[in-house]
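Got your viewer open and a selection box ready? Let's walk through this one stop at a time, picking something, looking at it and moving on.

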Amino acid sequence: GALLCSLLIWSVYKNPKTKASDVFVAGLASGCLTQSITCGGQCFINLVAGRFHGGVVACQIEAIAHISSILTEFVCVAAISACAYLKYVINFDLSTFTAVVIVITVWFTCIIITGLASLISDIYLMSAGSYCFFEFRSFAISGLLLPGLVISLIVMIYCHCKIFRHFTSLI
C-alpha cells in the first residue's frame, strides 16, 4: 500500500497537466500512505519486539493518525465529487493551487482536532495487540469520524445528483 500510494502521489506531483481532482486523489492516497506507515510500522516493531511497543504515547499517535487519515480520505473523496460538480454544472475549474491548499488545510485541521479529541477520548490497544484505535463510543468517533462520514456522503450525493440532473437535462 505505501509504495503504490507514494507512486500515485509522486505521479500527480510530477505531472504538468495535474488538475484539482488529481490533487484530491493524491490527498486520498496520502491518507492511505499515512495509515500504511503508522500501522505497518507499528506491526513490524511489534513483530520484532513480540509485544506492543511504545506504550501509551505510541498508541495515541497511531490512533490520531488513523482518524486523521480516515477523515482526510472522506473529505478528499467528497472534494473529488465537488470538483466534478463545479466543472460540469457550474462550469468552474478549481485551480490546482487551491486544491493543494485545501488538502493541506484539511490535513492540519484533522490532526489538530483529532489530537484535541484524543485528550477526552479513550484509546484502546485492539485485541490482536497490533494497533490502537479510539473507543467506538468516544468523542473522536461519535463527534468527528461519524459526522465527517455523513457530511462527506451528503456532499457526494448532492453533487452527483446535480451532475446527473444536469446531464439528463441536456438530452
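What follows is a tour from the overall layout down to single side chains.

**Stop 1: the whole thing**

Start with everything shown as cartoon, and keep in mind that this is a predicted model. You should be able to count five helices and two strands. Colour from the N terminus onward and the order along the sequence reads α-α-α-α-β-β-α. Turn on the C-alpha trace and its span along the principal axes is about 60 × 35 × 25 Å. If you shade by accessibility, 35% of the 171 residues come up as buried.

**Stop 2: α2 against α3**

Select residues 20-49 for helix α2 and residues 55-90 for helix α3. How do the axes of α2 and α3 cross, and within what distance do they come? They come within 8 Å and cross at roughly 160°. Anything over 145 degrees counts as roughly antiparallel, so α2 and α3 are roughly antiparallel to each other. Look for the handedness too: α2 passes α3 in a left-handed crossing. Now show side chains at this contact, where the residues divide into 14 nonpolar, 10 polar and two charged.

**Stop 3: α3 against α5**

Keep α3 on screen and add residues 139-169, which is helix α5. Here the packing angle is about 15°, and the axes of α3 and α5 lie 9 Å apart. The angle is under 35 degrees, the cut-off for roughly parallel, and that makes α3 roughly parallel to α5. The crossing of α3 and α5 is left-handed. Which classes of residue make up the contact of α3 with α5? Colour by class and you get 23 nonpolar, five polar and one charged.

**Stop 4: α4 against α5**

Leave α5 where it is, hide α3 and bring in α4, residues 96-118. The axes of α4 and α5 come within 9 Å, crossing at roughly 155°. That makes this pair roughly antiparallel. On handedness, α4 passes α5 in a right-handed crossing.

**Stop 5: aromatic rings**

Time for sticks. A search of the whole structure turns up four aromatic pairs, and we'll visit two of them.

Select Tyr88 and Phe167 first: their rings are 5.6 Å centre to centre with 55° between the planes, a tilted pair. Where do the two partners sit in the chain? Tyr88 belongs to helix α3 and Phe167 to helix α5, so the pair links distant parts of the chain, 79 residues apart. Switch on a surface and you'll find Tyr88 partly exposed, at a relative accessible area of 41%. Phe167 is partly exposed as well, at 38%.

Next, select Phe133 and Phe136. This pair is also tilted, at 5.8 Å centre to centre and 45° between the planes. Buried or exposed: which is Phe133, and which is Phe136? Phe133 counts as buried, at 11% relative accessibility, while Phe136 counts as exposed, at 59%.

**Stop 6: two side chains reaching for backbone oxygens**

Go back to helix α2 and pick Ser30, which is placed there. Ser30 counts as buried, with 14% relative accessibility. Follow its side chain: a polar atom there lies 2.5 Å from the backbone oxygen of Gly27.

Then step back to the loop between α1 (2-14) and α2, and select Thr18. Despite the loop setting, Thr18 counts as buried, at 17% relative accessibility. Which backbone oxygens are worth labelling around the side chain of Thr18? One is that of Val12, 2.6 Å from a polar atom of the Thr18 side chain. Another belongs to Asn15, at 2.7 Å from a polar atom of that side chain.

**Stop 7: an unusual phi**

Finish in the loop between α3 and α4, with Asn91 selected. Before you check its backbone, recall that most residues other than glycine have a negative phi. What is the phi of Asn91 near? Its value is near 65°, positive in a residue other than glycine. Put the surface back on and Asn91 shows as exposed, with a relative accessible area of 70%.

Key. Residues numbered from 1 in each chain as written. Predicted model: local features only at pLDDT ≥ 70, side-chain atom pairs only at ≥ 80, totals over all residues. Heavy atoms only, no water. Phe/Tyr/Trp six-rings, centres within 6.5 Å; stacked < 30°, edge-to-face > 60°. Helix = DSSP H or I, 4+ residues; strand = E, 2+ residues; numbered from the N terminus. Buried < 20%, exposed > 50% of the residue type's maximum accessible area, 1.4 Å probe, protein only. Axes fitted to C-alpha atoms, helices over the stretch in contact; angles between N-to-C directions. Parallel < 35°, antiparallel > 145°, perpendicular 65-115°, else oblique. Left-handed = near helix turned anticlockwise from the far one by under 90°. Nonpolar A, V, L, I, M, F, W, Y, C, P; charged D, E, K, R; others polar. Polar contact = N/O pair within 3.5 Å; in protein donor to acceptor, adjacent residues only side chain to side chain.
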